[in-house]
Amino acid sequence: NDDYCDCTTGEDEPETGACSGAVHDPVASTFLCPNKGSVAKKLYLSRVNDGICDCCDGSDELGAALANCPKSCAEEGARLMAEAEDRKQKALSGLSRQAGVVAEGEATLRRLREELASSEAKKPGIE
């Protein structure tokens, strides 16, 4: 890698930002942050080695910039897991409430059908 985009596909500068404006292949123009301990993330190559830590593991930066990147994947992963668990619990709670409403509706429907049948039985026949 010489940090200069010599190929139109960007294959001469893998995982760098050198070909970010020249490459139109979405796969070749992205960088994958492994973010071990959290969730992998794709970045445009223009965000690689730009001095801004976009990956929680700092893998998008090299040299001195990498040294300044906080390694926050464990915290991020724990936060994401907690948020997912919270969404799961809310969904389960909603499903439980829904089941109660459905059961109540079914009981009301049975009662109304019984009342209707009783009323039908009581009314005199029309001839």
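Select helix α2 (residues 73–122; helices here are DSSP runs of H or I with at least four residues, and strands are runs of E with at least two, numbered from the N terminus) and show Glu 83 and Arg 79, which are 4 residues apart in this helix and therefore separated by about one helical turn. Glu 83 forms a salt bridge with Arg 79, with 3.1 Å between the closest N and O atoms; a salt bridge is defined as a side-chain nitrogen of Lys or Arg within 4 Å of a carboxyl oxygen of Asp or Glu. Both residues are partly exposed, Glu 83 with a relative accessible area of 33% and Arg 79 with 42%, where buried means under 20% relative accessible area, exposed over 50%, and partly exposed in between (1.4 Å probe, protein chains only).

The model is predicted, so local features need pLDDT of at least 70 and side-chain atom pairs count only at pLDDT 80 or more, while totals for chains, interfaces and linings use all residues. Residues are numbered from 1 along each chain as its sequence is written, and side-chain values use heavy atoms, leaving out hydrogens and water.

Staying in helix α2, select Lys 90 and Asp 86, which are also 4 residues apart and separated by about one helical turn. Their side chains meet in a salt bridge of 3.3 Å from N to O; Lys 90 is exposed at 55%, whereas Asp 86 is partly exposed at 39%.

Next, select Lys 123 and Glu 120, whose side chains meet in a salt bridge of 3.6 Å, N to O. Lys 123 counts as partly exposed at 48% relative accessibility, and Glu 120 is partly exposed at 44%. By the rule used here, the count comes to 4 salt bridges.

Now move to Asp 54, in the loop between β2 (41–44) and α1 (63–68). Asp 54 is buried yet has no salt bridge, and the nearest side chain of opposite charge, Arg 47, is 4.5 Å away; Lys and Arg count as positive and Asp and Glu as negative, with His and the chain ends not counted. Leaving aside neighbours within four places in sequence, Asp 54 is in contact (heavy atoms within 4.5 Å) with Lys 41, Leu 43, Arg 47 and Asp 60.

From Leu 43, step across to Phe 31 in β1, since Leu 43 is the bridge partner of Phe 31 in β2. The strands β1 and β2 run antiparallel and are joined by 4 bridges; two strands pair if DSSP finds at least two bridges between them. Finally, select β1 (residues 30–33), where Phe 31 and Cys 33 point to one face and are buried, while Thr 30 and Leu 32 point to the other and are not.
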